[in-house]
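The following exercises concern the arrangement of helices and strands in one protein chain. Please examine the sequence and the structure before attempting each task.

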Amino acid sequence: MERAISQRVKDAVANIVLADMEEHFPQGFLFGPVDVEGAESMDGEPYILVTIVYDGDLTKLDSARMLGQVGCIRPKLANEGIEEFPVTFFSLKSAW
C-alpha cells in the first residue's frame, strides 16, 4: 500500500542512493533517476520503496554489493532522520 512521504525525504533518499551507487560501482554505468515512494507493508509497517534506474551491463555489477547496498545506506538515511527501511529494486533504463 502506498503512503505519502515528503519531497524532502524523497530527495534525501535519492541523493544518498545515487552517491552510494556512483561511489561503489564501476565506471561505465549511469544511475538515475531514483524513484522514491512511501509504502506500507500488509501488517502496517512503513517502508521506503526505492527504484534505481541504471544503464549498463548488469552482469558487470557485483551482485553481493547490490544486495548489501541497503545496509550501506541505512546509517546515512538515519543521519537524515529517515528511519523507515529502504527496499531497493534495480530497473534497466530501457525497461523503465
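The model used here is predicted.

**Exercise 1. A proline in a strand**

Determine in which strand P33 is found, and decide whether P33 counts as buried, partly exposed or exposed.

Solution. Step 1: P33 belongs to strand β2. Step 2: the relative accessibility of P33 is 35%. Step 3: buried requires under 20% and exposed over 50%; P33 therefore counts as partly exposed.

**Exercise 2. The peptide bond before the proline**

State what kind of peptide bond joins G32 and P33, and give the C-alpha to C-alpha distance between P33 and K93.

Solution. Step 1: omega between G32 and P33 is about 5°, and the bond is cis. Step 2: for comparison, most peptide bonds are trans. Step 3: in sequence, P33 and K93 are 60 residues apart, while their C-alpha atoms are 9.0 Å apart in space.

**Exercise 3. The sheet**

Describe the order of the strands in the sheet and identify the edge strands.

Solution. Step 1: the sheet is open and consists of four strands in the order β1-β2-β3-β4, with mixed pairing. Step 2: β1 (2-3) and β4 (85-92) each pair on one side only, and these are the edge strands. Step 3: β3 (residues 46-55) and β4 run parallel and are joined by eight bridges. Step 4: in this region, L49 stands opposite V87 of β4.

**Exercise 4. Helices on the sheet**

Establish which strands α1 touches and which strands α2 lies across.

Solution. Step 1: α1 packs on the sheet and touches β2 (30-40), β3 and β4. Step 2: the direction of α1 makes about 140° with that of β2. Step 3: α2 lies across β3 and β4, and runs at about 135° to β4.

**Exercise 5. The two helices**

Characterise the packing of α1 (residues 7-24) and α2 (residues 63-79).

Solution. Step 1: two packed helices are described by the angle between their axes and the distance between the axes. Step 2: for α1 and α2 the angle is about 130° and the axes are 10 Å apart. Step 3: the two helices are therefore oblique to each other. Step 4: the crossing of α1 and α2 is right-handed. Step 5: the residues of this contact divide into seven nonpolar, two polar and four charged. Step 6: the α1 side includes V13, I16 and V17, and the α2 side includes C72, I73 and L77.

How values were computed. Residues are numbered from 1 along each chain as its sequence is written. This is a predicted model: local features need pLDDT of at least 70, side-chain atom pairs count only at pLDDT 80 or more; totals for chains, interfaces and linings use all residues. Side-chain values use heavy atoms; hydrogens and water are left out. Axes are lines fitted to C-alpha atoms, for helices over the stretch in contact, and angles run from 0 to 180 degrees between N-to-C directions. Angles under 35 degrees count as roughly parallel, over 145 as roughly antiparallel, 65 to 115 as roughly perpendicular and the rest as oblique. A crossing is left-handed if the near helix is turned anticlockwise from the far one by less than a right angle, and right-handed if clockwise. Contact means heavy atoms within 4.5 Å. Ala, Val, Leu, Ile, Met, Phe, Trp, Tyr, Cys and Pro count as nonpolar, Asp, Glu, Lys and Arg as charged, and the others, Gly among them, as polar. Two strands pair if DSSP finds at least two bridges between them. Buried means under 20% relative accessible area, exposed over 50%, partly exposed in between (1.4 Å probe, protein chains only).
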